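Visitor: I would like a close look at one part of this structure, the nonpolar core. Please take me through it slowly, with the parts of the chain around it.

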Amino acid sequence: MKRRNMVSLLSLLCSTFLLFSAASVHGVEAVKEFKVGNGFGWQEPGNNNTSVYSQWAGKNRFHVGDSLSFEYKNDSVFLVEKWGYYHCNTSKAIIAFNNGKSSMKLDRPGPFYFISGTFDHCRNGQRLLVEVMGLHQSPHSPPSTIAAPPETLLGPGPLPSSSAAQSLFSDVTFYCVFVAHIFMLFGICSCY
C-alpha cells in the first residue's frame, strides 16, 4: 500500500509540474486597467491640447481583456460607432455612462470609439479611439507567425524546430515517463 501511495504521489507531482510548465509555455500576460488620460482624466481638453487623448492612446497598447477607466465630473462617456465618433453624435450610442467613474472592458479586437456626451467637448477633442489587439502574449512566447523564404529558395531540409519552451516541455514529459518506468522496473510499483 505504501508503494502505491508513493507512486500516486510521484504521479501527482509530475502532473502538477507538467501543468505549470504548460501554463508557462503557453502563458498569457495579465490584463491591465488603463486610466484614460492618466492624471488629466476624462475632461474637455484646452485649446492647445486637443489631441491629448489620441496621444495618450498612441502611448499605450491595448489587448482583449484590458479595461479602460474613465474618471470625470459633470460629463459623460459614450461608446459609439465610427460615424458617431467623427460627427460627435450620440444618437446611436452603444453604451452611455454618466456616473463620474466608469469602466469599460475591451472584449474584442478592433477599434473602440468613445466620445463625450457634450457636443462641444467632443468637437474640442474629448474623444478617444482605442485600437485593441488580440490577447496578451507572454513575454517569452514564440511569435505567432514567421515569414518563410520564397519556395524557390527552399530545398530539402530538417523539419522546423520547436521553440526552447516546447523543448523544455517535452524534456519534462520524458523525465516524468522515465521516472515512472524506473519505479515500475525495480518493483516499487505494483500497478495491478
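Guide: What follows starts with the whole chain, then goes to the core and to the strands and rings around it.

The model is a predicted one. The protein chain has five helices and eight strands. Along the sequence these follow the pattern α-β-α-β-β-β-α-β-β-β-α-β-α. The protein chain has 192 residues, and 32% of them count as buried. Among contacts with a separation of 6 or more, 74% are between residues 24 or more positions apart.

Now the core itself. In soluble globular proteins, nonpolar side chains tend to be buried together. Here the largest nonpolar core has 22 residues, and the members that touch the most others are Phe-62, Leu-68, Phe-70, Phe-114 and Leu-128. Two or more residues each come from helix H2 (52–58), S3, strand S4 (77–80), S7 and S8. The largest share is that of H2, with four residues. Another core, of seven residues, lies apart from this one, and Cys-88, Tyr-113, Ile-115 and Cys-122 are among its members.

Take the strands next. Strands of a sheet pair through backbone hydrogen bonds, either parallel or antiparallel. An open sheet is formed by five strands in the order S2-S8-S7-S4-S5, with mixed pairing. The edges are taken by strand S2 (62–63) and strand S5 (95–97); each has a single partner strand, so one side of each is left without a neighbour in the sheet. Strands S7 (residues 110–116) and S8 (residues 127–133) run antiparallel and are joined by six bridges. One match concerns two names from the core: Phe-114 has Leu-128 in S8 as its bridge partner.

Strand S3 (residues 67–71) is joined to S6 by five bridges, and the two run antiparallel. In this pairing, Leu-68 stands opposite Met-104 of S6. Side chains alternate along strand S6 (residues 101–105): Ser-102 and Met-104 are buried and point to one face, whereas Lys-101, Ser-103 and Lys-105 point to the other and are not buried.

Phe-62 can serve as a single example. Leaving out residues up to four places away in sequence, Phe-62 touches Phe-34, Trp-56, Ala-57, Leu-68, Leu-106, Val-130, Glu-131, Val-132 and Met-133. Two of these neighbours, Phe-34 and Trp-56, lead to the rings.

The structure holds 10 aromatic pairs. In one of them, the ring centres of Phe-34 and Trp-56 are 6.4 Å apart and the planes are at 85 degrees; planes over 60 degrees apart count as edge-to-face, so this pair is edge-to-face. The pair links distant parts of the chain, with Phe-34 in strand S1 (residues 33–35) and Trp-56 in helix H2, 22 residues apart. Phe-34 and Trp-56 are both buried. Trp-56 also pairs with Phe-62, and this pair is tilted, with 5.6 Å from centre to centre and 45 degrees between the planes. Phe-62, like Trp-56, is buried.

Two of the core residues named earlier also belong to an aromatic cluster: Phe-70 and Phe-114 are in one with Phe-40, Trp-42, Tyr-53 and Phe-112. Over the ring of Phe-112 sits the charged end of Arg-108, 4.1 Å from the ring centre. Elsewhere, the charged end of Arg-127 sits over the ring of Tyr-85, 5.3 Å from its centre.

How values were computed. Residues numbered from 1 in each chain as written. Predicted model: local features only at pLDDT ≥ 70, side-chain atom pairs only at ≥ 80, totals over all residues. Heavy atoms only, no water. Pairing = 2+ DSSP bridges. Buried < 20%, exposed > 50% of the residue type's maximum accessible area, 1.4 Å probe, protein only. Contact = heavy atoms within 4.5 Å. Core = buried A, V, L, I, M, F, W, Y, C linked by side-chain atoms within 4.5 Å. Phe/Tyr/Trp six-rings, centres within 6.5 Å; stacked < 30°, edge-to-face > 60°. Lys NZ or Arg CZ within 6 Å of the ring centre and 35° of its normal.
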